[in-house]
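Reader: Hey, I've got a protein model open and I'm a bit lost. Can we walk through it together?

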Amino acid sequence: MMPVLPGLPLCTRMPAQLLFLLLLAWSGPGSAQALRLPPPPAVAFAPRAGARLPLDALVRDQQGRPMPLGSLFGSRPVVLVPGYYTCPNLCSTVFEGVLQALALSGLGAGEYRLLGLSVDPRDGSAEAAARQRAYAALLPGGAADLRMLTADAPAAAAIAAALGYRTVQVPDQGDGDGGQLAHAAGFVVLDAGGRVARVFDGVRFDPAALRDAIHDAARGAGPADTGPSLGERVLMLCAHYDPSTGRWSAPAMAAVRAGALVLPLLLLGWLWRRRARGGRP
């Protein structure tokens, strides 16, 4: 039975009971279990404005044809979406968000080139071709403006390093997901010389902002400083969070604890102010 502190008025008993429940929830076995969860993976997506990609890196298109990355630049801006093609989480959501923004931007065919790049060397032409077929019908310029690229480990690592794109292998815990990569969500707009002109974080994007970024890159305008906010860095991490197991959930549990502490304190303050002003508790 919940303890009721004797000798206290009702307006004080109720916050005392709330505090008792809060302390019980904070120190119970469920909280102790959450503290033993592993920290979130150290993924990153922090392209430096003006950074240039290694255009001599060898990549392959969706048909398996090898080519230097630089052969896809030179005439128009490039929208580059990193990820990997067998991702079961945010990769397809990010790419679909880019396609939606491009479709609503008013840009015409031939004004840009859209590249998907797998940073997982295990992806091959079969996975790239499947994604290319799925996405080409959604792009204003169709397949002519779309390439889905793969690369071997050194080339993929060099391109990812230039993008400030860091992934982490998800540990295999016996459930068959050891092949997954934890990674961040976003893409970049590059000018015709392969330099980063604009960075977009998240999974849904403003069509007007994307149109302006492509037009600026086409004119050779200087890169815009559009680093992600703290909220975007926290919320847009593809860390394979599984609510049923609590994997990678330590930050989420910390946020829940903070909310559980702040809300009763706010209620206590509100009750105290009402009592101080002579209002009914």
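Author: Sure! Let's begin with a term: two strands count as a pair if DSSP finds at least two bridges between them. And keep in mind that this is a predicted model.

Reader: Okay, so how many bridges join E4 to E5?

Author: There are 6 bridges between strand E4 (residues 78-83) and strand E5 (residues 113-118), and the two run parallel. Across that pairing, Leu-80 stands opposite Leu-115 in E5.

Reader: What's the order of the strands in that sheet?

Author: It goes E6-E5-E4-E10-E11, an open sheet of 5 strands with mixed pairing. At the edges sit strand E6 (146-149) and strand E11 (196-201), each pairing on one side only. On average, neighbouring strands here are turned by 20° against each other, ignoring direction.

Reader: Back to E5 for a sec. Is Ser-118 buried or exposed?

Author: Ser-118, which is in strand E5, is buried, because its relative accessibility is 0% and buried means under 20%.

Reader: What does its side chain make a polar contact with?

Author: The side chain of Ser-118 contacts the side chain of Asp-123, at 2.6 Å. A polar atom of the Ser-118 side chain also lies 3.2 Å from the backbone nitrogen of Asp-120.

Reader: New topic! Which residues form the nonpolar patch on the surface?

Author: Leu-261, Val-262, Leu-263, Leu-265 and Leu-266, with about 470 Å² of accessible area together. Leu-266 belongs to helix H8 (residues 250-276).

Reader: And why does Leu-266 count as exposed?

Author: Because its relative accessibility is 56%, and exposed means over 50%.

Methods
Residues numbered from 1 in each chain as written. Predicted model: local features only at pLDDT ≥ 70, side-chain atom pairs only at ≥ 80, totals over all residues. Heavy atoms only, no water. Helix = DSSP H or I, 4+ residues; strand = E, 2+ residues; numbered from the N terminus. Axes fitted to C-alpha atoms, helices over the stretch in contact; angles between N-to-C directions. Patch = residues over 30% accessible without salt bridge, like charges linked within 9 Å, V, L, I, M, F, W, Y side chains within 5 Å. Areas by Shrake-Rupley, 256 points an atom, 1.4 Å probe, with all protein chains shown as cover. Salt bridge = Lys/Arg side-chain N within 4 Å of Asp/Glu carboxyl O. Buried < 20%, exposed > 50% of the residue type's maximum accessible area, 1.4 Å probe, protein only. Polar contact = N/O pair within 3.5 Å; in protein donor to acceptor, adjacent residues only side chain to side chain.
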